[in-house]
Protein chains: 2
Amino acid sequence: MKYTEAKEELIQAWGNLGYSWGLNKTMAQIHALLMISTKPLSTEEIMQELAISRGNANMNIRALLDWGIVSRISIPGERKEYFKSEKDVWSLARQVARERRKRELEPILKVLREVSEVSNDGSEETKELRKVVKELKGFAEKSDNLLETFIKAEESWFWNSIIKLLK
Amino acid sequence: MKYTEAKEELIQAWGNLGYSWGLNKTMAQIHALLMISTKPLSTEEIMQELAISRGNANMNIRALLDWGIVSRISIPGERKEYFKSEKDVWSLARQVARERRKRELEPILKVLREVSEVSNDGSEETKELRKVVKELKGFAEKSDNLLETFIKAEESWFWNSIIKLLK
DNA sequence: CGAAACTTTCAGGTTTTATTGAAACACAAT
DNA sequence: ATTGTGTTTCAATAAAACCTGAAAGTTTCG
């Protein structure tokens, strides 16, 4: 397989994967581009590589900065801004985990905590609701803890423990 | 908090969470409804509770059946079909993990394996691409193993190991 | 200050995805 | 074969998400 082909396939595939990680397609493609680039890229270059508009590029770069997986670089003597991606897969995963925990898990936990205070009027329905909510809450809390550990963990330590699990 | 209110909040929140798990909103809401229902529900009842059309209900119920987290029930002597959800949170999570692994992780792994055969022409770009792909592949494979273990694991065994990790 | 270089915003347009509702289909009972 | 009951399909429509490009904003420098 030739370089250009490989690059395009990777950007494409990364776009899809990113999508299922909660990014959007363009965001993920910009990210892929930065991942495999040997040097920081300017907005201009990104627009050109992916054939997207300035506005689109700008908004998605901002979103990536927001997620904390891309950073701004200035090159001395140049006005333009350049961008580079965090390239370490492990920190990347941690960062994504951190954001998703904040954006998704925390809100549902909040609701579950509220809802778990439904007054027990003794009816079947209420009993079932309370039971389900309690289980969901337990599960969500365990996941939250696990995520937190993951986020704080050192790579080697984490994978070593996991590998033990897998045996 | 009163029952009706709690129920609505839960359905709402579950809708959002489901969305970030790869289901769509309606699908997740139907699921929430079945989770807290004390008995199987018919299409009719679901339509009514969520104020959605017959077609919509039908399609999303089918999608839930497809994901394997809802099942069809027939009640003897009745023509109508009823549906109930798998209520155990743990099997639910396993089932979702199984599907997402199939739908998301496997495709990217396939691409990474292909792309990792990019011919090494000695250029900077190619070198970087190969490096990144190698790392991603390693990560994806580890995740794949972890997921597989999760899918096959017994609840108690899994959480016990995890809890050890957390300490 | 004023112009050049660059970035950000946002109203409007496009594409994608989800929903409706009516028609077609399936099947059992008469 | 017809009717009653329920399910599935799908073209049309609506809603949501996304992208564009030009205009407005910002910063730097002579």
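Which backbone oxygen does the side chain of Ser37(A) reach? We can start there and then move out to the helices, the core and the DNA. Please keep in mind that this is a predicted model.

## Ser37 of chain A

The side chain of Ser37(A) reaches the backbone oxygen of Lys39(A), at 2.4 Å. You will find Ser37(A) in the loop that runs between helix H2 (25-36) and strand S1 (41-42) of chain A.

Is Ser37(A) buried or exposed? Its relative accessibility is 12%, so Ser37(A) counts as buried, the cut-off being under 20%. Setting aside neighbours within four places in sequence, Ser37(A) is in contact with Lys87(A) and, from the other chain, with Glu128(B).

## Helix H1 of chain B

Helix H1 of chain B covers residues 3-20, which makes 18 residues. From first C-alpha to last it reaches 26 Å, close to the 26 Å expected at 1.5 Å a residue. After H1(B) comes Gly22(B), with a positive phi near 100°.

The buried residues of H1(B) include Tyr3(B), Ala6(B), Leu10(B), Ala13(B), Trp14(B) and Leu17(B), and Lys7(B) is also among them. An α-helix has 3.6 residues a turn, so residues three or four places apart point the same way. Both chains help to cover the buried residues of H1(B): the cover includes helix H5 (89-115) and helix H6 (124-152) of chain A, along with helix H2 (25-36), helix H3 (43-50) and helix H5 (89-115) of chain B.

## The nonpolar core

How many residues does the largest nonpolar core have? It has 108 residues, and those with the most contacts inside it are Ile30, Ile46 and Leu129 of chain A together with Ile30, Ile46 and Leu129 of chain B. In soluble globular proteins, nonpolar side chains tend to be buried together.

Leu129(B) is a good residue to click on here. Not counting residues up to four places away in sequence, Leu129(B) touches Tyr3(A), Ala6(A), Lys7(A), Leu10(A) and Ile36(A) of chain A, and Val118(B) of chain B.

## DNA strand D

Around DNA strand D there are 17 residues, and the closest are Thr26(A), Ser53(A), Asn58(B), Arg62(B) and Arg79(B). Of the strand D atoms that come within 4 Å of the protein, sugar and phosphate account for 60%.

Two side chains of chain A place a polar atom by a phosphate oxygen of strand D: Thr26(A) at 2.5 Å and Asn56(A) at 3.1 Å. Arg79(B) has a side-chain N or O atom 2.9 Å from a base oxygen of strand D. Helix H4 (54-67) of chain A and helix H4 (54-67) of chain B are the elements that give two or more residues to this surface, and H4(B) gives the most, with five. By class, the surface near strand D holds two nonpolar, eight polar and seven charged residues.

## DNA strand C

Which residues come nearest to DNA strand C? Of the 17 around it, they are Asn58(A), Arg62(A), Arg79(A), Thr26(B) and Ser53(B). Sugar or phosphate makes up 62% of the strand C atoms within 4 Å of the protein, and bases supply the rest.

Phosphate oxygens of strand C lie 2.5 Å from a polar side-chain atom of Arg62(A) and 2.7 Å from one of Thr26(B). Ser53(B) uses a polar backbone atom instead, 2.7 Å from a phosphate oxygen. H4 of chain A and H4 of chain B each give two or more residues to the surface near strand C, with H4(A) giving the most, five residues. That surface has two nonpolar, eight polar and seven charged residues.

Note on methods. Residues are numbered from 1 along each chain as its sequence is written. Chains are lettered from A and ligands numbered from 1 in the order in which they are written. This is a predicted model: local features need pLDDT of at least 70, side-chain atom pairs count only at pLDDT 80 or more; totals for chains, interfaces and linings use all residues. Side-chain values use heavy atoms; hydrogens and water are left out. Helices (H or I, at least four residues) and strands (E, at least two) are DSSP runs, numbered from the N terminus. The expected span of a helix is 1.5 Å times one less than its number of residues. Buried means under 20% relative accessible area, exposed over 50%, partly exposed in between (1.4 Å probe, protein chains only). Contact means heavy atoms within 4.5 Å. A nonpolar core is a set of buried Ala, Val, Leu, Ile, Met, Phe, Trp, Tyr and Cys residues joined through side-chain atoms within 4.5 Å. A residue is near a molecule or strand if one of its heavy atoms lies within 4 Å of it. A polar contact is a pair of N or O atoms within 3.5 Å; within protein, one must be able to donate a hydrogen and the other to accept it, and residues adjacent in sequence count only if both atoms are side-chain atoms. Ala, Val, Leu, Ile, Met, Phe, Trp, Tyr, Cys and Pro count as nonpolar, Asp, Glu, Lys and Arg as charged, and the others, Gly among them, as polar.
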